[in-house]
Each structure stands twice: as C-alpha cells, then as structure tokens.
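User: Could you take a close look at one part of this model for me, the strand pairing, and then walk me outward from there to whatever else is worth seeing?

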Amino acid sequence: MRHRSVLSRRTVLSGALAAGALAMTSKAAASGAPARFHNPLARRRADPHVCRHTDGAYYFTATVPTYDEVVLRRSETLPGLSTAEEHVLWRRHDSGEMSKHIWAPELHHVDGRWYVYFAAGSSDDVQSIRMHVLENSSPDPMTGTWVERGRIHTPWDTFALDATTFEHRGARYLAWAQREPGIETNSNLYLAPLDDPWTLGGRPVRLSTPTHDWETRGFRVNEGPAALIGEDRVFLTFSASATDSNYCLGLLSAPEDADLLDPASWDKRPEPVFTTNVATGQYGPGHNSFTVTEDGTNVLVYHARPYDAEVGDINRHARLQTFGWKHDGSPDFGVPVAD
C-alpha cells in the first residue's frame, strides 16, 4: 500500500506544517529502519512536541522538570534542536490558576498566529489540572507578545490535559484527555470541533477509555493524543498506564473519509504499538508527537527513561526515531532505539 509523507498533504497533524514537502522516499522511511539521530535529543524534557513550520524551521517544546514555564527551541535542522538555545515564552502565575504543574506544552500555527496549548494546576488545588491557551500574532514565535487566551472549557470542570489540535478535510479539531464524571478512570480521550483555537464548536465525543490490561497498570489512563494521516486512515496515538515503565503508546484509527466525530468510526488496536524495551535500555516510552526530517522522512518524537524507574522520576528524555508503515496501512514504530 502506498503512503504519502505526512507533509505531502500540507499537514502533519501533530502540528508540523510544511507546504510542498518531499514525499516519503528514503529507505529508512520505507523500512522503518532506525534513524541515525543522536539520542536523547534533550535531557529532562518530557512530553516533547516538535513543529516544523512552513519556512522549514523546527520548533521544540516540552515539559520542564520544574513544571513552572513554557520553553521553546528553534533550529534549521531537526538534530540541531539538541543544542539550540532555549527561550522562555511564559512563566507560571505566582498564585491561583496557572500557578502549578505546567505540563505538556504544544506549539501550533493556526490561521497566521501561533498558539501554545498546555495544562496547568492551581495553588488552591495543585491537582485541578485544566487546559489553557497562549496566542502570539508575531510571525516569529520567539518574539512578540504571548497573550493568555484562558482556559479551554469543556462540559465538565474536571481534570483535563494534553490538548492537541489538527485539521482534516477542512475542519479543525481538538483532541485531549479528561476525567469524565461517572466513569471510574483517571482520564479518557475526547475529540471536538473548534470554533476558534480555544473554543469548542460542539459537544465532545469520547473516543477511548482505558480498558485493556496495558492501559490500566498503575493508573487507568488514556492521554497525550497525537494525530497522523496515512493514505487511507486517520490515526491517533495515545499514552496509557502510569508514567513509569508501564507507560506505552496505543493506537486509534478511523477511515480517512469517515465522520471523525462519530465514535463508531474509530477502532482501537488491542495491543500497544510502542513499549518498554529492556534490550535497548528504554523504559516507559510515550507522550509522542510527529514531524519529518528535511527530506520528508517520518519521525516519531517521544520521551523515555534509560532505566526502570517509579512514577515521578524526572529523567524522562526527549528522543527521535524514524518510522515506516505496515502492510495494513498502519504506522510501524518498531522498538525504542538504544542511546
């Protein structure tokens, strides 16, 4: 089955844009062979998100271990992000809302403006995690003014995080993780249309709850969605279980021409698609995004630890590796490559 590069559709749905990018033709992309990146890309940078802009520049953001700011790096090359200067775009409030647990930022360029989606808690209740949005009208996200557009409101005022946005067939969507009242899980996956980058345009639909054994180890978690387009299907990767060595990636998919807001359009793979690998020394891989190399080769961006560790260990390092496609049209991530 033939596949386009994610950029040949003018969009990588994790947020990296590059009009007119090359089709996926390299042997590494076709076979899923490991890339020759120097890993880790960035130490103690969890929940990594890489955006390739239309000018070809790469932008990298991630959770910092102090959980108090949003940072951004820029490079003309993907490996160059490793040594690129890190800029602070925004710092937490001193108290109240958005003052604790600044988690999982993502940078997206939508309708000519830059947006950062991130999760934050409150000094009044550090576990009151909610989704928030920053906006910058400058062509350069390293300059200009970042304006707080506030919280993304959903039907439930509950634990919510890991917002990501993507466009498909002319419609823009928000995907995220949230605890829904009446469901005994830590978080489920949801999808909704957007009226604007911070306002839902319709009631969310629930795409997935953690039910399999590999989704419920330590905690009952589905979180960290990231979207990817294949030739015939839309894919959503997500992270499952506790953030120790049980953390892993699952996969949802829907036909490319389906109604994405119909939960019946989506199938969940019964087994995880990216997991701890003792042989390569990588534990708890998860919370991924997608980008491409300069020649259009597809790249999985994720974090992992180089040893077995408990929840809360801050040594989750950002990593890169190329991936290919299976005969059934689904992405083939292989195993986490060794350092």
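**Strand pairing, from β11 outward**

Analyst: Happy to. Leu194 has Leu200, in β12, as its bridge partner. Before going on, please keep in mind that this is a predicted model. The pair you have just met belongs to an antiparallel contact in which β11 and strand β12 (residues 199-200) are joined by 2 bridges. The chain gets from β11 to β12 by a hairpin of 2 residues.

Strand β11 has further partners. With strand β13 (residues 205-208) it is linked by 3 bridges, again running antiparallel; here Leu191 is matched with Val205 of β13. Strand β10 (residues 171-178) also pairs with β11 (residues 188-196), in the antiparallel sense and over 6 bridges. If you would like a place to zoom in on that contact, look at Ala177, which stands opposite Leu189 in β11. As general background, strands of a sheet pair through backbone hydrogen bonds, and they can do so in parallel or antiparallel fashion.

Next, let us turn to an open sheet of 4 strands, in the order β5-β6-β7-β8, with antiparallel pairing. Its edges are β5 and β8 (147-151), each of which pairs on one side only. From one strand to the next, the twist averages 25 degrees. Within this sheet, strand β7 (residues 125-136) and β8 run antiparallel and are joined by 4 bridges. Val133 is a handy marker there, since it stands opposite Gly150 in β8.

Another open sheet of 4 strands is ordered β14-β15-β16-β17, and its pairing is antiparallel as well. The edge positions belong to β14 (222-229) and β17 (267-268), each paired on one side only. Strand β16 (residues 248-255) meets β17 over 2 bridges in the antiparallel sense, and Leu252 has Lys268 of β17 as its bridge partner.

Following the chain on from β17 brings us to Val273, which sits in the loop between β17 and β18 (283-292). Is Val273 buried or exposed? Its relative accessibility is 17%, so Val273 counts as buried, the cut-off for that class being under 20%. Which residues does Val273 touch, leaving aside those up to four places away in sequence? They are Leu249, Gly250, Leu251, Phe333 and Gly334. One of these contacts can be given a distance: the C-alpha atoms of Val273 and Leu251 are separated by 6.7 Å, although the two residues are 22 apart along the chain.

Finally, as a computational chemist you may want to know about the pockets. The largest pocket has a volume of about 670 Å³. It is lined by 32 residues, and those closest to its centre are Trp103, Glu223, Thr243, Val311 and Arg316. By character, the lining divides into 14 nonpolar, 9 polar and 9 charged residues. Strands β1 (46-52), β5 (97-110) and β9 (160-168) each contribute at least two residues to this lining. The largest share, 3 residues, comes from β5, the strand that we met above as an edge of its sheet.

To retrace the tour: we began with β11 and its 2 bridges to β12, passed through the sheet ordered β5-β6-β7-β8 and the one ordered β14-β15-β16-β17, paused at buried Val273, and ended at the pocket of about 670 Å³.

Key: Residues numbered from 1 in each chain as written. Predicted model: local features only at pLDDT ≥ 70, side-chain atom pairs only at ≥ 80, totals over all residues. Heavy atoms only, no water. Pairing = 2+ DSSP bridges. 1 Å grid on protein atoms, 1.4 Å probe; cavity = no way out; pocket = protein on both sides within 12 Å on 5 of 7 lines; lining within 4 Å. Points joined across faces, edges and corners; volume = space filled by probe spheres on them. Nonpolar A, V, L, I, M, F, W, Y, C, P; charged D, E, K, R; others polar. Axes fitted to C-alpha atoms, helices over the stretch in contact; angles between N-to-C directions. Buried < 20%, exposed > 50% of the residue type's maximum accessible area, 1.4 Å probe, protein only. Contact = heavy atoms within 4.5 Å.
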